[in-house]
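Please prepare a short report on the structure shown below, covering the lining of its main pocket, the overall form of the chain and the surroundings of a few chosen residues.

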Amino acid sequence: MIPFSDLFLWLSLGGLMSTSLFLIGSTAPALLPAQALYFGIGIVLCIAFSRVPLFIWKKFNWIFYLLSILFLGLVLFSPQVRGATRWVDIGGIQLQPSEL
């Protein structure tokens, strides 16, 4: 059985994602398939990461912290995107370090 807190979290996430897809579909229908694909990838990654035992996250937390600091430092040397320097290019994927 799913604990109530987890059920509430998943229902909230589903509601926000559904609302977002509806709004994107009504304003920019051409972006809807790509956004739905990204949502699907995000859900799969979310489920996969939630299955990792907590002791593993605790064991490697200092590595994640150092990577976050490194990415925040890389922003200082990244090119401007639409007048802002808050994106880092990693193998063709643009990433905002503040999201980590």
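## Pocket, fold and selected residues

The residues that line the largest pocket divide into 9 nonpolar, 3 polar and 1 charged. The model is a predicted one, and the volume of this pocket comes to about 440 Å³. Its lining is made up of 13 residues, and those that lie nearest the centre of the pocket are Leu-45, Ile-93, Gln-94, Leu-95 and Glu-99. Two elements give two or more residues to this lining, namely helix H2, which spans 32-50, and strand E2, which spans 93-95. The largest share, 6 residues, is supplied by H2.

As for the chain as a whole, 4 helices and 2 strands are found in it, and read from the N terminus on these elements follow the order α-α-α-α-β-β. The radius of gyration is 17 Å, whereas a compact globule of 100 residues would have a value near 13 Å. Taken along the principal axes, the box filled by the C-alpha atoms has dimensions of roughly 45 × 45 × 20 Å. Of the 100 residues in the chain, 11% are buried. Among contacts with a separation of 6 or more, 25% are between residues that are 24 or more positions apart. The chain exposes about 8,300 Å², and 73% of this area is supplied by carbon and sulfur atoms.

Four residues may now be set side by side, with their place in the chain and their relative accessible area.

| Residue | Place | Relative accessible area |
|---|---|---|
| Phe-8 | helix H1 (residues 4-27) | 52%, exposed |
| Gly-25 | helix H1 | 22%, partly exposed |
| Leu-72 | helix H4 (residues 61-74) | 45%, partly exposed |
| Gln-96 | segment after E2 | 16%, buried |

The classes in the table follow from fixed limits. Phe-8 counts as exposed because its relative accessible area of 52% is over 50%, while Gln-96 counts as buried because its value of 16% is under 20%. Gly-25, at 22%, and Leu-72, at 45%, are partly exposed because their values fall in between these two limits.

Which residues does Gln-96 touch, not counting those up to four places away in sequence? The residues concerned are Arg-86 and Trp-87, and Gln-96 itself is situated in the segment after E2. For Leu-72, in helix H4, the contacts that remain when neighbours within four places in sequence are left aside are with Pro-97 and Ser-98.

Arg-86 also serves as a point of reference for distances between C-alpha atoms. Leu-72 and Arg-86 are 14 residues apart in sequence, and their C-alpha atoms are 8.6 Å apart in space. Phe-8 and Arg-86, in turn, are 78 residues apart along the chain, and a distance of 33 Å separates their C-alpha atoms. A further pair involves helix H1, where Gly-25 is found: Gly-25 and Ala-36 are 11 residues apart in sequence, with a C-alpha to C-alpha distance of 9.9 Å.

Methods:
Residues numbered from 1 in each chain as written. Predicted model: local features only at pLDDT ≥ 70, side-chain atom pairs only at ≥ 80, totals over all residues. Heavy atoms only, no water. 1 Å grid on protein atoms, 1.4 Å probe; cavity = no way out; pocket = protein on both sides within 12 Å on 5 of 7 lines; lining within 4 Å. Points joined across faces, edges and corners; volume = space filled by probe spheres on them. Nonpolar A, V, L, I, M, F, W, Y, C, P; charged D, E, K, R; others polar. Rg over C-alpha atoms; globule rule 2.2 N^0.38 Å. Buried < 20%, exposed > 50% of the residue type's maximum accessible area, 1.4 Å probe, protein only. Contact = heavy atoms within 4.5 Å. Areas by Shrake-Rupley, 256 points an atom, 1.4 Å probe, with all protein chains shown as cover.
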